[in-house]
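Me: I have a structure on my screen and would like to go through it with you, question by question. Could you start with any term I need?

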Amino acid sequence: MSTYIEENYLKAIYKQTERNKDGAYTNDIANELNVKAATVTEAFKKLGDKGLIYYEKYKAVTLTEEGKAIAVKTIRKHRLWEVFLVEKLGFKWDEIHPMAEELEHIGFEELTERLAKFLGNPEFDPHGDPIPDKNGNFAKNKSVKLITIGLGKTVTMTGIENHTSSFLQHLDKLDLKLGAKITIKELVEFDQSILVSVNNKKEFYLSQEIANNILCM
């Protein structure tokens, strides 16, 4: 198994484990990486043999300390490169994920730390996701979903949960960006949509699905 593939699996397992404390299941990883379940099972066996995950047949896997360290370093590189691509090269937030997926596998730690210093050691990436520091510690994030905000309250948009290009492009059309001030003007009981105003200017309705994928505080 190449380092590239290995890091992709460890990162995917880490993210699944964040959502499900029991661990990552074969089908979840297969769906995330777009591979067959049998391929995932073989990868799990190899990662288990290398001491990077705790693997037991038919059960969810979890990361060992070594596996977790590799996953977090990969996430750190990915999110730092996303900041660089947006802030220094002018890419849009819906364009950067596939590029960062390639750049995250560059193995020179000194490059990562110089990149972080050059960017001012950012704590969050362009999507609002926390960037772990060089010791693997994530910035605390107290964001909640927009769908949970009460009527009449004003919050600041801090992140998103759906990173697909189509979702990000839709938010751009609505001028919903990180830092936007969102006020809840109406809660629609019929379909759970909400009427919002953005930056005290335009008003529009957001579907329940959209509001459920916007983070704020």
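Reply: Happy to! Two strands pair if DSSP finds at least two bridges between them. By that rule β5 and β6 pair, in the antiparallel sense, over 5 bridges. Please keep in mind that this is a predicted model.

Me: Good to know. In which order do the 6 strands of the open sheet come?
Reply: The pairing in this sheet is antiparallel. Its edge strands, each pairing on one side only, are β3 (144-145) and β7 (203-206). Reading across from one edge, the order is β3-β8-β4-β5-β6-β7.

Me: Which residue is the bridge partner of Thr-183 in β6?
Reply: Take β5 and its neighbours in turn. On one side, β4 and β5 pair over 3 bridges, and Val-155 has Ile-182 of β5 as its partner. On the other side lies the pairing of β5 with β6, where Thr-183 is matched with Ser-197.

Me: And which residue in β7 is the bridge partner of Leu-195?
Reply: Strand β6 covers residues 194-198, and 4 bridges join it to β7. The two strands run antiparallel. Within β7, the partner of Leu-195 is Tyr-205.

Me: Where does Gln-192 lie, and is it buried or partly exposed?
Reply: β5 and β6 form a hairpin with 6 residues between them, and Gln-192 lies in that loop. Its phi is near 65°, a positive value in a residue other than glycine. Buried would need a relative accessible area under 20%. Gln-192 has 41%, so it is partly exposed.

Me: What is the relative accessible area of Asn-199?
Reply: Asn-199 sits in the loop between β6 and β7. It is not a glycine, yet its phi is positive, about 55°. Asn-199 counts as partly exposed, because its relative accessible area is 31%.

Me: At what angle does helix α7 run to β4?
Reply: Helix α7 is made of residues 165-173. It lies across two strands, β4 (154-160) and β8 (214-216). Relative to β4, the helix runs at about 150°.

Me: Let's turn to α1. How far does it reach from its first C-alpha to its last?
Reply: Helix α1 spans residues 3-19, which gives it 17 residues. At 1.5 Å a residue, 24 Å would be expected. The span in the model is close to that, at 25 Å.

Me: Which elements are among those that cover the buried residues of α1?
Reply: The buried residues of α1 include Tyr-9, Leu-10, Ala-12 and Ile-13. Glu-6, Glu-7 and Lys-11 are among them too. The cover includes two strands, β1 (53-54) and β2 (62-63). It also includes the helices α2 (26-33), α3 (37-49), α4 (65-87) and α5 (97-103).

Me: How is the crossing of α1 and α2 described, oblique or roughly perpendicular?
Reply: Residues of α1 including Tyr-9, Ala-12 and Ile-13 meet Asp-28, Ile-29, Glu-32 and Leu-33 in α2. The axes come within 10 Å and cross at roughly 120°. Roughly perpendicular ends at 115 degrees and roughly antiparallel starts over 145, so α1 is oblique to α2. The crossing is right-handed, and the word you asked for is oblique.

Me: One more: is His-105 buried or exposed?
Reply: His-105 is found in the loop between α5 and α6 (109-118). Not counting residues up to four places away in sequence, it touches Tyr-4, Glu-7, Asn-8 and Lys-77. The cut-off for buried is under 20%. At 16% relative accessibility, His-105 is therefore buried.

Conventions:
Residues numbered from 1 in each chain as written. Predicted model: local features only at pLDDT ≥ 70, side-chain atom pairs only at ≥ 80, totals over all residues. Heavy atoms only, no water. Helix = DSSP H or I, 4+ residues; strand = E, 2+ residues; numbered from the N terminus. Contact = heavy atoms within 4.5 Å. Axes fitted to C-alpha atoms, helices over the stretch in contact; angles between N-to-C directions. Buried < 20%, exposed > 50% of the residue type's maximum accessible area, 1.4 Å probe, protein only. Expected span 1.5 Å × (residues − 1). Parallel < 35°, antiparallel > 145°, perpendicular 65-115°, else oblique. Left-handed = near helix turned anticlockwise from the far one by under 90°.
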